[in-house]
Amino acid sequence: MTPPGQEPEPSKSRQRRERERAETRTEILQAARELARAEGWDAVSMRRLADRIGYSANYAYRYFKGRDDILLAFVKDGFTRLAALMRSAGTTVQAAAGAYLDFALDEPDLYQVMYGLGGVHVPAADTVTEGDAVGAVIADALGIADPYDDRIARIWATAHGLAALHAIRKLPVDRAHLHRLLAASVDDLLRAPQQPEGDAR
């Protein structure tokens, strides 16, 4: 039995196969995002992707189980990147919320599939861990340990609400205006007295 940490290095042929597999997955995902940007996420299908990259649909199924598997890859990657950007933005709630809004504005097609906007079906139950990471960044910025603290949901919902309203053109203002609205809303939430748990009103 090989001692832990001393597993033999994969053979060169296996390393090559794994590299080629990763490259093909990346190629399929890139084609999916290009197609979504051009025609919307509803246009993404295994057959359309296979045609786009010059493979057969059966070949594409070697890398993804189907359309939902591709969407799931985008959702997981999106939430992972979003949480990382929020964490790197600074230690304040305002900085984390601002980074959240910037991500939504800079990556509108990815944000759409992450939240199932525009009727996109997303297997969200499989992305709980990645989604929770966003809440964890907000919790850290607030200095709280309870992941169910209402302030996390309120700040998250405020940032998401502004991003979603802007995406559907119900809030047609520029980025600076959106940031002012978000900053004012977060400040109001932070100033508001915390309602005691169990106080139903």
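Trainee: What follows α7, and what is the sign of its phi?

Mentor: G143 comes right after α7, and its phi is positive, near 75°. Bear in mind that this is a predicted model, where local features need pLDDT of at least 70, side-chain atom pairs count only at pLDDT 80 or more, and totals for chains, interfaces and linings use all residues. Residues are numbered from 1 along each chain as its sequence is written, and side-chain values use heavy atoms, with hydrogens and water left out.

Trainee: What makes α7 a helix, and how do you know that its span agrees with the expected one?

Mentor: Helices are DSSP runs of H or I with at least four residues, while strands are runs of E with at least two, numbered from the N terminus. Helix α7 has 15 residues, 128-142. The expected span is 1.5 Å times one less than the number of residues. That gives 21 Å for α7, and its end C-alpha atoms are 21 Å apart, so the two agree.

Trainee: How many helices and strands does the protein chain have?

Mentor: Nine helices and zero strands, so by the DSSP definition no run of E reached two residues.

Trainee: Why is I152 called buried?

Mentor: Buried means under 20% relative accessible area, exposed means over 50%, and partly exposed is in between (1.4 Å probe, protein chains only). I152, in helix α8, has a relative accessible area of 5%, so I152 is buried. Across the protein chain, 36% of the 201 residues count as buried.

Trainee: Which residues of α7 are buried, and what do they pack against?

Mentor: E130, G131, V134, G135, V137, I138, A139 and L142 are buried in α7. They pack against α4 (67-88), α5 (93-106), α8 (150-167) and α9 (175-191).

Trainee: What is in contact with I152, leaving aside its neighbours within four places in sequence?

Mentor: Contact means heavy atoms within 4.5 Å. On that test I152 touches G135, I138, A139, L142, I144, D146 and P147. G131 is 21 residues from I152 in sequence and 13 Å away in space, C-alpha to C-alpha.

Trainee: What makes a set of residues a nonpolar core, and how many residues has the largest?

Mentor: A nonpolar core is a set of buried Ala, Val, Leu, Ile, Met, Phe, Trp, Tyr and Cys residues joined through side-chain atoms within 4.5 Å. The largest has 54 residues, and I155 is among those with the most contacts inside it. Elements giving two or more residues to this core include α7 and α8. Beyond its neighbours within four places in sequence, I155 contacts V93, A97, I138, L142, V186, L189 and L190.
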